[in-house]
Amino acid sequence: MKINVDAGHGTNTAGKRTPPLPAAIDIDQDGKVDIKKGEQYREHYANVGVASLLVAELQRCGFEVVKTGFNDSNATDDPDTALTDRQRVIAKSNCDYSISIHFNAYGDGNSFNSAQGVGIYIHDKYAGQSEKLAQTVLKHLAGGTKQTNRGVNKQALAMCNCNALDTKAAILVELAFMTNLHEATTMMANAAYWLESAQEIARGVCEYAGIKYVPEAYVPVAPITKTSPPQDIKWLQERLKVPVTGIFDQKTRIAILTYADSKGWDWSTTWGYTAGASTIKSLAK
Ligand SMILES: [Zn+2]
């Protein structure tokens, strides 16, 4: 099954940004400021944030994915591809479905207001099977972060036109309002919300298409020792094929040594008391 993921607008599209933000924002919670106080955050950046995560989600679930409006997770170098050009790419690539990612706006764009919520657009004339797809995706989106559900609305939008796109269904998702201070700061400019949204959209698409959703596999982030969470020790034991107890026992330690030996690694610094980053990475494959 082939699906197109579209990221709305381009890096330098006029308008299409939040009003000036009243405080600095750390989008990915890495301790570094990503948006300075007084800056206006661009819609395309958030669209690409969600779209690139959605591509990974859908590929993991077995879809073949086509991209329009962006090429990778770097949102700072994308031209604003004309809608007719986006349509042509999708029609040419024989996609079954298309999903366009956007954030909504209301008012003059200079100040924040109370318009809010998540909603999906389908075409008013050339919707194909879009209504069912839209309802299913919206059900998953509305089940996540608490938001006003604006429902499925019909409008003659280029990225929803199943005739022009030659798709069975095409939806345009408006994830939150960039002109609503709460939604702009906690959703649009929040990498955790991007991931949640990508996962929910993927779950909706999978349910609609009758495909099993494959969640991202858990991989421990810190080196595993006897004081690690049982979840991480069990993860290690499963992969080393020793009894899964959640306790870092002698069998686990010997298995780490044996594994390191089989790879030709030097274990003389840890003596098997630690499964480090390279061991975790190798076992995760
Ligand atoms: Zn938009």
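Helix α5, spanning residues 181-188, lies across two strands in this predicted model. The strands in question are β3 and β6 (169-177), and the helix runs at about 110 degrees to β6.

Those two strands belong to an open sheet of six, and the order reads β2-β1-β3-β6-β4-β5. Pairing in the sheet is mixed. At the edges stand β2 (64-68) and β5 (149-154); each has a single partner strand, so one side of each goes without a neighbour in the sheet. As for twist, neighbouring strands are turned by 20 degrees against each other on average, direction ignored.

Further along the sheet, β1 (residues 2-7) pairs with β3 (residues 97-104). The two go together in the parallel sense, over five bridges. Within this pair, N4 stands opposite S98 of β3.

Turning to the loops, a couple of backbone angles deserve a look. Q29 has a phi near 55 degrees, which is positive even though the residue is not a glycine. Q29 sits in the loop between β1 and α1 (43-60). Q29 counts as exposed because it has 10 C-beta neighbours inside 10 Å, and the cut-off for that class is 12 or fewer.

D166 is another non-glycine residue with a positive phi, about 55 degrees. Its place is the loop between α4 (162-165) and β6, the strand that α5 crosses at about 110 degrees. With 19 C-beta neighbours inside 10 Å, D166 counts as partly exposed, because a buried residue needs 20 or more.

Note on methods
Residues numbered from 1 in each chain as written. Predicted model: local features only at pLDDT ≥ 70, side-chain atom pairs only at ≥ 80, totals over all residues. Pairing = 2+ DSSP bridges. Helix = DSSP H or I, 4+ residues; strand = E, 2+ residues; numbered from the N terminus. Axes fitted to C-alpha atoms, helices over the stretch in contact; angles between N-to-C directions. Contact = placed C-beta atoms within 7 Å.
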